[in-house]
Amino acid sequence: MIKPSLGERIFDFFNVVVMVLMIILTLYPMLYILFSSLSEGNKLISFNGILLWPQGFSLEGYKAVLSNPTILSGFKNTLFILVVGLGFNMTLTSLGAYFLSREGVMLQKPIMFFIVFTMFFQGGLVPFFLIVKSYGLLDSLWSLILPTAVSTFNLIIMRTYFMAIPKELEESAFLDGAGHFTILFRIFIPLSMPVVAVLILYYGVGHWNSWFNAMIFLRDQQLFPIQLVVRNIILENDNASMLGTTTLIQSRDVAETLKYAAIIVTTAPILLLYPFLQKYFVKGVMVGALKG
Amino acid sequence: MLKTRLGKDLLRNKWLYVMILPVVIYYVLFHYVPLYGTIIAFKQFVPAKGILGSDWVGLKHFEDFFSSIYFFRVIKNTVLLSFFNLLLGFPAPIILALLLNELKSPIFRRITQTITYMPHFITLVVVAGIIRYFTLSDGLLNDVIAFFGGERISFLQQPESFRPIYIISEIWQQIGWGTIIYLAAITGIDQQQYEAAKMDGANKLQQIRHVTLPGILPTIMIMLILSLGNIMNVGFEKIILLYSASIYETADVISTYVYRKGILEFSYSYSAAVGLLNSVINFTILLLANSFSKRASKNSLW
C-alpha cells in the first residue's frame, strides 16, 4: 500500500466537505417542514430566520389533519387506487412481459414495436382527456386506475428479467403438462420476486404521489386522492374552510401548522420505507436502463 | 384462413395471444385512440358532434398558433427552460457520481447516497409547497436576504426568478437519483485500468478524466439522447403547481399553455394542434439525436 500523496489527501478532504454540504442541502428543506409541523402556530407565524428547531411544541396541526374529513377521505381514495390499481398494474404487466419474452411467436416483434412506440410519441393532453371523458370515466376513481394500468417502462423491465430465466425450466414444465398461465404464475413470477418488488414499488409510489389526472378528471371532492387534497391545502390556502367551527384566530394558528403536518403525514410513509427498499429501487433503475 | 403461416402461429400459440390481448386492448384504448384523437387538431371539434362528426378546418389551428402573440413566448420559454435544465441538470449527477465513487468510507458513501436519493420520492405537490414556503416574502430565503440588509422579494411573483427556481429545485430533487446509473457504470470499469494509470503517475483528477469518464461515456450518451428526446416536455406538473399569471412571461411553456387552453378554456382543437406540434418537434429531436449519436459514437437507442 502506497501512502496517499498530499494532493490526494487534499482531494479527499474537499470531497468529504462537498458531500457533507450536499447532505445538509438535501435534508434541511425536509427538516424545515418537520420542525414547522411540530411548532405552535402563533410562534411560527412570528418567527423569522433559519428554523433549527420547532418553535414551541404542539401537535395541533397533526390533530387537525387526522380529524379532517377531506384528508381522511383522501387517504381512503388513495388506498383504493393503490390496491385496485396495483392489481391491474401487476396483472397486465406480467402478462405483457411474459408474451414479449417468449421465443418463436410471429406477432411478437410488431406488438413490441406497437407498445414501445407509445414511449416516444404521444397524442397529447387534450385528446387523452377527451377520450377518457368519452369512455365515461369522468368523476370516477377508475379514471385514475385504467388509463395508467400499464407503464411501458416497467413492462420492459419485467420482460428483460423474464428473458434471463433459463429456457429449460419452461420446457420441462411444458412436458409436465403445464400451460402458459401456470408457467407464468407458478414458475416465472415466484422466480422474479426481486423485479416484482421493484414494480410494485414503482407503481405504488406513482399512485401515491400522483395528483394531476385527479385534478383534470375529478370534480367531486369526495373522490379526491390525498395528494390533490394536500395540493389544495398548500397551494390555494384553502384551509380555513377545512377547519370547521374554531374561531378565526385559532384557525389561523392551526391552519399554519396544518399544512406542514399534512405534508409530513403524506410524505413520511415513503421516506421512512424507502431506505429499506432502496436496493430494489436501484435494481429497477439498472435493469430498465441497460436494456431500455 | 388457418392454413396461412400466421393462422398456424395464432392457433399454435393461442394461449399466448390470449395473454397479450388485454394488454393490446389497453394500449389501443389509452394510447392509440388518443393518438387517433389528435385529428381534432385539423377539425373544429364540437363535443356534441364527436371526433368523427366535427368539421374539417385544415391547418387553421396551426396558423392561429403561429400568428398568436403566445407563439414566440411559449416556444422561447420551453426551449430556454429545457436548455438550462439540460446544461446544468444533466452533468450534475455525473459529477456527484464521480465524487461519490472517490469516497473512502463505504458507510459514509451509503449514507450520502441514501439521503441524496430521498427527494426523488417526494411528490411534486410537496416540492412545490416547499419552494413556495421558502420563497415567500416572509419566507426563509428572504429572512436570510433581509439579515444581510437586502430587499425582500416575492420570488414566485418575479418573472426573472422563475427559471433559477425551477432549475435549482429540479437539481435538488433529481441529482441523487440520477447518480444510480452512472455509479453502476463506474462499477463496470476494469480495475486494471486504474492500476495502469497509477503506474503512469496519474493523480486522482487525471484518473477521473482519463479512466472513469471514458469508461462511462456510453452510458452518458444514452442518457443524453433520452433527455434530448424529452426536451420539449419540461416538467409541466411542477410549473402548473408553481406559476401564476404574474410570471407567465417566463414560466408559460408549450405544455402548460396546452393545459390552460384545452382543459381550462375548452379550446380543444386549438390546444390539440399545439400539443401535436410539440410531440412532432420532440420526436424529431429524438430521431436526430439518435442518428447523430449512432454515427459519432456507435451508441444508440435502436
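This passage walks through the interface, the salt bridges, the annotated regions and some local backbone features of a predicted two-chain model.

Residues are numbered from 1 along each chain as its sequence is written, and chains are lettered from A and ligands numbered from 1 in the order in which they are written. Because the model is predicted, local features need pLDDT of at least 70 and side-chain atom pairs count only at pLDDT 80 or more, while totals for chains, interfaces and linings use all residues; side-chain values use heavy atoms, with hydrogens and water left out.

A good place to begin is the meeting of the two chains. Chain A brings 89 residues to the contact and chain B brings 89 residues, where contact means heavy atoms within 4.5 Å. The size of an interface is often given as the accessible area lost when the parts come together. Here the buried area is about 8200 Å², and carbon and sulfur atoms give 79% of that area; the value is the accessible area (1.4 Å probe) that two parts lose on being put together, summed over both. Between the chains there are 17 residue pairs in polar contact, both residues being at pLDDT 80 or more. A polar contact is a pair of N or O atoms within 3.5 Å; within protein, one must be able to donate a hydrogen and the other to accept it, and residues adjacent in sequence count only if both atoms are side-chain atoms. On the side of chain A that touches chain B, helix 1 (residues 6-38) gives the most, with 18 residues. Helices are DSSP runs (H or I, at least four residues), and strands are runs of E (at least two), numbered from the N terminus.

Side chains of opposite charge can pair when their charged atoms come close. The structure holds 14 salt bridges over all chains, each a side-chain nitrogen of Lys or Arg within 4 Å of a carboxyl oxygen of Asp or Glu, and 2 are counted between chain A and chain B. Lys104(B) and Asp12(A) form a salt bridge at 2.8 Å, N to O. Lys104(B) is exposed, with a relative accessible area of 54%, whereas Asp12(A) is buried at 15%; buried means under 20%, exposed over 50% and partly exposed in between (1.4 Å probe, protein chains only). Glu8(A) meets Lys204(B) at 3.7 Å, N to O, and a network of salt bridges links Glu8(A), Glu102(B) and Lys204(B). Within chain B, Asp252(B) pairs with Arg260(B) at 2.8 Å, N to O, and both residues are buried.

The UniProt record, an unreviewed entry, places the domain "ABC transmembrane type-1" at residues 75-289 of chain B. UniProt positions are given in the numbering used here, feature names are shortened, and annotations may be inferred rather than shown by experiment. That stretch is 78% helix and 0% strand, with its end C-alpha atoms 20 Å apart.

In chain A, His207(A) lies in helix 10 (residues 193-209) and is buried, with a relative accessible area of 10%. Its side chain makes a polar contact with that of Asn89(A) at 2.7 Å.

Finally, most residues other than glycine have a negative phi. Asp139(A), although not a glycine, has a positive phi of about 55 degrees; Asp139(A) is partly exposed at 35%. Phe266(B), also not a glycine, has a positive phi of about 60 degrees, and Phe266(B) is exposed at 56%.
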